[in-house]
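This report looks at how two chains meet and at how one helix is placed. The model is shown first.

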Amino acid sequence: MLRRAPGTIPFSTEALKANLLRLQNEWETVQASRDRDAIYQYLSAVFELVTWWDREGKAGKRANRALHLRGYSSVREAEPFAAVILCTADRDRVDERTRSKWSRVLRYAAEFKEVDEPLRDFVKRKGGINKCAGRFARRLGRYR
Amino acid sequence: MDKILQDLVDQAHEAAGLRRNGVHEAHDLVSTELLAELEADGDAMRFVDAKGKIRWRATPDLRQYLKDLKLDARDDLKDL
C-alpha cells in the first residue's frame, strides 16, 4: 500500500495551475485596494510559494514549468521569484524593471529574513522595497 | 496541517472506511490523496513553517467559503 508523508506528495500540473491562479487573485485584490501596504500581501504570497519550492530544491524547475504553462519560453533556468511574478501579475502594470526590483527584494528576504517574521515587517525594518532591492545588490553582489 | 484540513482528512477517512464496509483504509493514504486533490482544486496549499518544515493549510479561498457557509447557516437559523 502506498505510504507517503504529506510533505512528499507530488506537485501536479493542476496544483501548479491552482497556485498560480491563487496568486493572480491576490494580485487582483491588491489592485482593487487603496492600502499602500497591499502590495506586501501579493509579494508575501509569491515569497511563500517559491520558498517551499526552494525547500524541496525544485524552485527553478517549477518556475520554468509555470512559465511554460503561461506560454513563455525560457532558454536558461528562470529566476523563480521573477518568473512567478511574470506569470501572476498584470504585465501592463508591472514592467521588467519593477519585476526585477521585487525579485531582488524577495531574494534578499530569502537570504536574511527569519522564517517567522512577516515579509512586510522585514522589508519595512530594512527601509522599504527600494532599499531592500539595493541591499540585495550590495550584499549578494548580483544585479538583474 | 491546520484544523480545517485535518477535519476534512478525518471526514474523508471515515467515509473511506464506511465505503469499504468497515475495512479501514490507511489514514496516510486517505490524507495523501485528499491533500493532492484539495491542492489541485485550489483549496489547500503548502508553506514553510517557523521551524523550516513544509506544512499544509487551507487556502484563503477555502477559508472564506467556510466562513460564508457559517454566516449563511447563522442567518438561516435566525429566519426559523
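## Where the chains meet

In this predicted model, 24 residues of chain A are in contact (heavy atoms within 4.5 Å) with 23 residues of chain B. The area buried between chain A and chain B (the accessible area, 1.4 Å probe, that the two lose on being put together, summed over both) is about 2,000 Å². Carbon and sulfur atoms give 63% of that area. Ile9(A), Glu48(A) and Trp52(A) supply 27% of the area that chain A buries against chain B, more than any other three residues.

The interface holds 2 salt bridges (a side-chain nitrogen of Lys or Arg within 4 Å of a carboxyl oxygen of Asp or Glu). In one salt bridge, between Arg57(B) and Glu48(A), the closest N and O atoms are 2.8 Å apart.

## Helix H7 of chain A

Helices are DSSP runs (H or I, at least four residues), numbered from the N terminus. H7(A) has 12 residues, 129-140; at 1.5 Å a residue, times one less than the number of residues, it should span 16 Å, which agrees with the 16 Å between its end C-alpha atoms.

Ile129(A), Cys132(A), Ala133(A) and Phe136(A) are the buried residues of H7(A) (under 20% relative accessible area, 1.4 Å probe, protein chains only). Seen down the axis of H7(A), these fall within an arc of 100 degrees (directions from the helix axis to the C-beta atoms), so they line one face. They pack against helices H2 (38-55), H5 (96-112) and H6 (119-125) of chain A. On the other side, Asn130(A), Lys131(A), Arg138(A) and Arg139(A) are exposed (over 50%).

## Conventions

Residues are numbered from 1 along each chain as its sequence is written, and chains are lettered from A and ligands numbered from 1 in the order in which they are written. Local features need pLDDT of at least 70, side-chain atom pairs count only at pLDDT 80 or more, and totals for chains, interfaces and linings use all residues, while side-chain values use heavy atoms, with hydrogens and water left out.

Conventions. Helices (H or I, at least four residues) and strands (E, at least two) are DSSP runs, numbered from the N terminus.
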